[in-house]
Amino acid sequence: MPAGLLRALIIVAMIATGCANQSSSLPLKPLGDISLPGDKSRFDYASLDAQRGLLYVAHLGASEVVEIDLNAGRVVRTIPNVSQAHGVLVVGTLGRVFVTATGTNQVVALDENTGAEIGRAPTGAYPDGLAYDPRRNAIWTTNETAGTETVVDAATLQPRGTVDLGGEVGNVSYDSTGDRMLVAVQGRNDMAVVDPAAMTVQRRVELAGCDHPHGLTVDSANGLAFVACDQNAILATVDETTWRVVGTNRVGDDPDVLAYDATARRLYVAAESGTVTVLDFRDSALVPIGSGHLADGAHVVAVDPNTHRSYYPVPEGANGHPALLVRAATGDRRIAAPTRAC
């Protein structure tokens with residue numbers, strides 16, 4: 001065998017072994033993936049109705065929403081005509097699914113039972129993430145480039161107001177214990193705490209060590225906010241009592257979507273690099289227990305608090321077609337930091 005070819009084969013083997021080791025370092029067990037329809041364009045957010053076992057995935061590149069029955073392991077329907085479907089949020093108590101149509105700067109409401117469109121409302125420029133305020137029955141839409149939040153009535157889609165965050169914004173989340181909206185303001189490297197009744201910014205939280213905060217989720221029971229900083233691959237933990245960053249963890253490059261399993265007290269961080277990092281909340285801190293390259297395009301994660309399974313829509317699964325990767329949570333494998341993406 002020519003020396004050059006032998007060296008090439010060795011390099012390929014080393015790369016393959018490295019990727020396999022990264023995948024095996026994740027505390028996740030494959031459970032059989034679900035084939036998804038459509039082309040290999042980008043998927044974006046996913047939202048789970050855990051009571052009904054229905055997962056809704058925004059297929060941004062196809063401008064449609066995919067509804068998946070997790071119990072049956074099959075796609076129920078695709079819902080078209082949602083231009084650049086970006087954020088998606090199912091509110092099971094209302095029987096509605098809300099989707100941001102980035103291509104038309106709108107939020108779209110769908111009937112959860114039929115998939116039929118109920119109505120639309122205008123947003124600011126580049127609507128992205130969504131959150132639901134159950135006390136006021138309001139939907140909050142993050143307008144990324146506009147630097148605002150659009151607030152609409154969840155029943156009528158009539159406008160409630162607009163909140164100016166003073167810079168390009170990332171995601172928004174509702175803290176049920178504190179009755180407040182938290183917004184990652186990536187243009188200012190801070191987090192805004194918003195009074196949802198007055199729709200005014202109550203305070204600004206400096207996110208020390210965080211560059212470009214984008215992903216955001218809340219552990220309301222423990223008074224914590226988790227913020228993903230996509231330009232320096234850091235996860236910041238904010239204590240809502242002191243409003244200070246009380247911990248940081250290294251995650252995969254370009255972290256995007258966060259999903260928190262409150263019953264297991266486990267946080268999943270999915271990155272644009274395809275790296276997934278899993279952390280457990282113990283002794284008042286997040287402890288990394290696994291990280292590795294799951295799949296190219298695995299920047300979205302949803303988790304079921306009942307089964308503790310996690311779900312990752314990707315443009316190309318093992319069979320070369322779009323797929324929903326289904327993973328079960330496994331044991332504790334503590335690590336110091338994530339490994340590189342392949």
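**Val-276, the nonpolar cores and the strand pairings of a predicted model**

At 0% relative accessibility, Val-276 falls under the 20% limit and therefore counts as buried. The model in which this residue was examined is a predicted one. Val-276 belongs to strand β25, which covers residues 275-282. When neighbours within four places in sequence are left aside, the contacts of Val-276 comprise Leu-26, Val-269, Ala-270, Gly-290, Ser-291, Gly-292, Leu-294, Ala-298 and Tyr-312. One of these partners, Tyr-312, is 36 residues away along the chain, and its C-alpha atom is separated from that of Val-276 by 9.9 Å. Tyr-312 in turn, again without its neighbours within four places in sequence, is in contact with Leu-28, Tyr-268, Val-276, Leu-294, Val-300, Val-301, Ala-323, Leu-324, Leu-325 and Arg-327. Leu-294 thus appears among the contacts of Val-276 and also among those of Tyr-312.

For the chain as a whole, one helix and 29 strands were assigned. Of its 342 residues, 56% count as buried, and the accessible surface comes to about 13,500 Å², with 48% of this area belonging to carbon and sulfur atoms. Among contacts with a separation of 6 or more, 44% are between residues that lie 24 or more positions apart.

The largest nonpolar core has 48 residues, and those with the most contacts inside it are Leu-55, Val-65, Ile-68, Leu-70, Val-99, Tyr-312 and Leu-324. Strand β4 supplies the largest share of this core, namely five residues. Apart from this core lies another, which has 16 residues and includes Leu-182, Ala-184, Leu-207 and Ala-236.

Strand β4 is also part of an open sheet of four strands, in which the order is β3-β4-β5-β6 and the pairing is antiparallel. The edges of this sheet are formed by β3 (46-49) and β6 (74-79), each of which pairs on one side only. On average, and with direction ignored, neighbouring strands of the sheet are turned by 20° against each other. Within the sheet, β4 (residues 54-59) and β5 (residues 64-69) run antiparallel and are joined by six bridges, and Ala-58 has Val-65 of β5 as its bridge partner. Val-65 is, in addition, one of the residues with the most contacts inside the largest nonpolar core.

A further open sheet of four strands has the order β7-β8-β9-β10, likewise with antiparallel pairing. Because β7 (85-91) and β10 (117-122) stand at its edges with a single partner strand each, one side of each is left without a neighbour in the sheet. The twist from one strand to the next averages 20°. Strand β9 (residues 106-111) is joined to β10 by five bridges, the two strands running antiparallel, and the bridge partner of Gln-106 in β10 is Pro-122.

A search of the whole structure found one disulfide, which joins Cys-210 to Cys-229 with an S to S distance of 2.0 Å. The link is left-handed, with -110° about the S-S bond. Cys-210 lies in the loop between β18 (200-206) and β19 (213-219), whereas Cys-229 lies in strand β20 (residues 224-229), so the pair ties together parts that are 19 residues apart in sequence. Both Cys-210 and Cys-229 are buried.

The strand that holds Cys-229, β20, pairs with β21 in the antiparallel sense over six bridges, and here Leu-224 has Asp-239 of β21 as its bridge partner. Four residues lie between the strands of this hairpin, in which Ala-233 takes a positive phi near 55°. Strand β21 (residues 234-239) is largely enclosed by the rest of the structure, because five of its six residues are buried. With strand β22 (residues 244-250), β21 forms an antiparallel pairing that also extends over six bridges, and Ile-234 stands opposite Arg-250 in β22. The hairpin of β21 and β22 has four residues between the strands, and in it Trp-243 takes a positive phi near 55°.

How values were computed
Residues numbered from 1 in each chain as written. Predicted model: local features only at pLDDT ≥ 70, side-chain atom pairs only at ≥ 80, totals over all residues. Heavy atoms only, no water. Pairing = 2+ DSSP bridges. Axes fitted to C-alpha atoms, helices over the stretch in contact; angles between N-to-C directions. Buried < 20%, exposed > 50% of the residue type's maximum accessible area, 1.4 Å probe, protein only. Contact = heavy atoms within 4.5 Å. Areas by Shrake-Rupley, 256 points an atom, 1.4 Å probe, with all protein chains shown as cover. Core = buried A, V, L, I, M, F, W, Y, C linked by side-chain atoms within 4.5 Å. Disulfide = S-S within 2.5 Å.
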